[in-house]
Amino acid sequence: MTRRSKIAIAIVLVAIAAGVGLWTPDKDRAQLEATYVDDKTDLIMVAGVRLHVRATGPRNAPALVMLHGFGSSLQTWQPWAEALEREYRVIRFDLPGSGLSAVDPTGDYRDARSLQVLEALLDTLRVPRATLIGNSMGGRIAWAFAAAYPSRVTRLVLISPDGFASPGFEYGKAAEVPASMTLMRYVLPKWLLRTSLKPAYANPAVMTDALATRYYDMMLVPGAREAMLARMQQTVLTDPIPALRRIQAPTLL
């Protein structure tokens, strides 16, 4: 064997070893549910999808529905829920393929499907009207729902709502998904995820090990990474101005 051949083999072996070391498989769903689901009754079928839903507060109180952002889960709203559940019926849920909600068997992660799931959830919980509170992607879904179903929304609270075009994400085109993002199906070091989360928190002290672990665990729910990529690839923005003009609910930004 020549020296060049030995070097080539060594490089291949190092690459294989590195790949094995960085490979990040899904975690066991049963164990994740045991850790993060308060009650098994929080896992319900809605519009053909097994959703993780958490409803707290008086059942007959005005309803608040909280919609999380991209890559997040209902856990994001915990401090809000604790502050509001004495006076309101606080409803949080993981969108299909996010958190502990199952992937959507239709494979459809477009906004129209999200609106369909939200409407079905309100029907399932017998909530005729609600205040919608949405962050980022959840804000986009909230205002789109308010435009499509004005009679079902009493108020809107939007926190950094998504929906307007930005560099690399034009109207009428799916967002450009970097090739590096597709690698997260197989490789997702916890330190890398934590680094990407840090800019979202103005107070660095909030980004604790426990918080980073929770985000990490939610990313490793079976099917979650594939669903996240599918949602990115299927999202096509349209000019939101006509829809925003149809909203009747008082809105707080």
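Which side chain does a polar contact of 2.9 Å join to that of Arg-110? The views below come from a predicted model, and the first one takes up this contact.

**View A. Arg-110 in the loop between S4 and H4.** The partner is Asp-108: its side chain and that of Arg-110 are joined by a polar contact of 2.9 Å. Arg-110 has a relative accessible area of 46%, so this residue is partly exposed. Met-219 gives a long-range reference point, 109 residues from Arg-110 along the chain. The C-alpha atoms of Arg-110 and Met-219 are separated by 20 Å.

**View B. Arg-54 in strand S2.** Arg-54 counts as buried because its relative accessibility is 5%, under the 20% cut-off. A polar contact of 3.3 Å links its side chain to the side chain of Asp-38. Contacts of Arg-54 beyond four places in sequence include Tyr-36, Val-37, Asp-38 and Asp-42. Leu-74, Gln-75 and Gln-78 also touch Arg-54. So do Val-90, Ile-91 and Arg-92.

**View C. The largest nonpolar core, with 34 residues.** Val-65, Phe-93, Leu-118, Leu-132 and Leu-156 have the most contacts inside this core. Strands S2 (49–56), S3 (63–67), S4 (89–93), S5 (130–135) and S6 (153–159) each give two or more residues to it. Helices H4 (111–124) and H5 (137–148) do so too. H5 supplies the largest share, eight residues. Another core, of 14 residues, lies apart from this one. Among its members are Leu-193, Met-207, Tyr-215 and Met-228.

**View D. The surroundings of Leu-156, a residue of the largest nonpolar core.** Neighbours within four places in sequence are left aside here. Leu-156 is then in contact with Leu-132, Ala-142, Trp-143 and Ala-146. Its other contacts are Ile-247, Ala-249, Pro-250, Thr-251 and Leu-252.

**View E. Helix H8, residues 209–219, mostly covered.** Of the eleven residues in H8, eight are buried. These are Leu-211, Ala-212, Arg-214, Tyr-215, Tyr-216, Asp-217, Met-218 and Met-219. Which helices do the buried residues of H8 pack against? They pack against H2 (29–36), H7 (190–197) and H9 (224–234).

**View F. The packing of H7 and H8.** Two packed helices are described by the angle between their axes and the distance between the axes. For H7 and H8 the angle is about 110°, with the axes 10 Å apart. The two helices are therefore roughly perpendicular to each other. Their crossing is right-handed. H7 makes the contact through Lys-190, Leu-193, Arg-194 and Leu-197. H8 contributes Asp-209, Ala-212, Thr-213, Tyr-215, Tyr-216 and Met-219.

**View G. Arg-225 in helix H9.** Is Arg-225 buried or exposed? Arg-225 counts as buried because its relative accessibility is 1%. Its side chain reaches the backbone oxygen of Arg-185 at 3.3 Å. Beyond four places in sequence, the contacts of Arg-225 include Thr-24, Pro-25 and Asp-26. Arg-225 is also in contact with Met-184, Arg-185, Tyr-186 and Leu-188. Met-219 and Leu-220 complete the list. Met-219 is one of the buried residues of H8.

Technical notes
Residues are numbered from 1 along each chain as its sequence is written. This is a predicted model: local features need pLDDT of at least 70, side-chain atom pairs count only at pLDDT 80 or more; totals for chains, interfaces and linings use all residues. Side-chain values use heavy atoms; hydrogens and water are left out. A nonpolar core is a set of buried Ala, Val, Leu, Ile, Met, Phe, Trp, Tyr and Cys residues joined through side-chain atoms within 4.5 Å. Buried means under 20% relative accessible area, exposed over 50%, partly exposed in between (1.4 Å probe, protein chains only). Helices (H or I, at least four residues) and strands (E, at least two) are DSSP runs, numbered from the N terminus. Contact means heavy atoms within 4.5 Å. A polar contact is a pair of N or O atoms within 3.5 Å; within protein, one must be able to donate a hydrogen and the other to accept it, and residues adjacent in sequence count only if both atoms are side-chain atoms. Axes are lines fitted to C-alpha atoms, for helices over the stretch in contact, and angles run from 0 to 180 degrees between N-to-C directions. Angles under 35 degrees count as roughly parallel, over 145 as roughly antiparallel, 65 to 115 as roughly perpendicular and the rest as oblique. A crossing is left-handed if the near helix is turned anticlockwise from the far one by less than a right angle, and right-handed if clockwise.
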